[in-house]
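Colleague: Could you walk me through this one? I'd like to start with the ligand.

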Amino acid sequence: MNPDTAVTEHVLEFRRKIEQRQARVGIIGLGYVGLPLALLYAEQNFPVTGFDIDKHKIETLNRGGSYIFRITPAEIQAAKEHKFTATSDYSQLGSMDAIIICVPTPLDEYHEPDLSYITGTAQAMAPHLRAGQLVVLESTTYPGTTEEVLVPILEKGNRSGLKAARTGSTEGPGFYVAFSPEREDPGNTTVARPDIPKVVGGLEAQASELAAALYGSIFRRTVRVSSPAAAEMTKLLENIYRCVNIALVNELKLLSLRMGINIWEVIEAASTKPFGFQPFYPGPGLGGHCIPVDPFYLSWKAKEWDFRTRFIELAGEINTNMPYHVLESVARALNQRKKALNGSRVLVLGVAYKKDIDDLRESPALTIIELLQQAGAQVSYNDPYFPSVGKGRKYDLQMKCAPLENLNQYDCVLIVTDHSDYDYARIVSESQLVVDTRNATRGLASSKIVHC
Ligand SMILES: NC(=O)c1ccc[n+]([C@@H]2O[C@H](COP(=O)([O-])OP(=O)(O)OC[C@H]3O[C@@H](n4cnc5c(N)ncnc54)[C@H](O)[C@@H]3O)[C@@H](O)[C@H]2O)c1
């Protein structure tokens, strides 16, 4: 049989399995990205197996619990009824038809890409690969990772000497590889996840066919690009676009403050333009796993091409400086009230990196708390999503959530994250001084409010 025909038959067989919900889907990395994805497939009646090295997560899921605030135990239990199981046993990968990798891609201490989770996953899964399987990487990373990093490890480590299918390759049936970026926006309830188009780029045409079939079963629209690298770059373009535009409004906010102009009013007015303008909002600094991190994956890779990504570097510089601006604003506001920051009691409202979510990663609140403490302030925090804040990759705060009462005891209440549950009118009325980094107090007129 001609290998092209065999491949085509394989694609048809894969599509049939997808249509009949017989395709077994394995998802590696059950975090903020992987777990909701696993639930989406389970909802659509696919037999889904989730893989994670975190034994606590596996136990929690298998007893029907959840460790992500916005995913309820009821959703996990419903998924289990639809044949969702979780395991740390990679040997089960052999029975999967498609394997989706959703492991972290942080920066290391030198601000360079840390691909150790991807390489560790690839090494662990390689021995279990079998011919015909589809492997999709979803972790955000620099262009070239799928082809230059993932595929060589999978090829080297698998027991049967299988090769990834490539254009023009005459090797026997191997495995198929694609990249498909995750585009989830945690806390965004305006777009349902299946309505977010899914970009896929296969290593060759059949891999793209398989990936499009896999995602087409749960996403309303799939968008094919010509290669994994194009798909990897698509995700980075999206996040760099946000990072640069946020830096732009952050810089314009600093100027507006000096000029006595309300930047929020300006953004609202500019947003009435029906074309050519998309609003971005200033804040106390970037947070989350993506926007502060991903652009630097590209600037690192660009160096290999003797290229400097100046927009990324400038945006990084402006955004990284925002917590220092918050510190200065608190000190200045206290100074106007004849108080020193050193020794003042400051309550930080909101430590999550953005409103209404339970995610602390790269949160500017953590940097701000550290800066305030270094300046001698007595810092407390309140956040309905975090009863305590312990040790993270870059901080060790060991703080407990302070109750939202007796606000008058604080010299300053600093709004860092504008959770919707807060009653801002009450907060302003009960506090001595409110420094607002998010325009959370809009519409409230009080001499106690300082915008920063
Ligand atoms: N969180 C988001 O909103 C978001 C949005 C778009 C893209 N992304 C990207 O998706 C990827 C995953 O992000 P996340 O937020 O889900 O991370 P996360 O830290 O919430 O979850 C990652 C999971 O992978 C597990 N893991 C690590 N190494 C493993 C291994 N070798 N085998 C099995 N499991 C392993 C961890 O235990 C963890 O449960 C990252 O590349 C991120 O940049 C995240």
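Modeller: Around the ligand there are 27 residues, each having a heavy atom within 4 Å of it, and those that come nearest are Val33, Asp52, Lys57, Tyr90 and Thr105. Please keep in mind that this is a predicted model, where local features need pLDDT of at least 70, side-chain atom pairs count only at pLDDT 80 or more, and totals for chains, interfaces and linings use all residues. Residues are numbered from 1 along each chain as its sequence is written, and side-chain values use heavy atoms, with hydrogens and water left out.

Colleague: What is 2.6 Å from an oxygen atom of the ligand?

Modeller: That is an N or O atom in the side chain of Thr105, and it fits the rule for a polar contact, a pair of N or O atoms within 3.5 Å. Backbone N or O atoms also lie by ligand oxygen atoms, one of Thr140 at 3.0 Å and one of Val103 at 3.4 Å.

Colleague: And how much of the ligand does the protein bury?

Modeller: Taken alone, the ligand exposes 830 Å², of which the protein buries 93%, with areas computed by the Shrake-Rupley method and a 1.4 Å probe.

Colleague: Switching topic, how many disulfides are there?

Modeller: The count is zero, taking a disulfide as a pair of cysteine sulfur atoms within 2.5 Å. For Cys102, the nearest cysteine sulfur is that of Cys290, 12 Å away, while for Cys412 it is that of Cys452, 9.2 Å away.

Colleague: Is Cys412 buried or exposed?

Modeller: Cys412 is buried, with a relative accessible area of 0%, and Cys102 is buried too, at 11%; buried means under 20% relative accessible area, exposed over 50%, and partly exposed in between, using a 1.4 Å probe and protein chains only.

Colleague: Last one: which residues does Leu214 touch?

Modeller: Leaving aside neighbours within four places in sequence, Leu214 is in contact (heavy atoms within 4.5 Å) with Phe14, Ile18, Val25, Tyr41, Ala98, Ile100, Leu134 and Val136.

Methods
A polar contact is a pair of N or O atoms within 3.5 Å; within protein, one must be able to donate a hydrogen and the other to accept it, and residues adjacent in sequence count only if both atoms are side-chain atoms.
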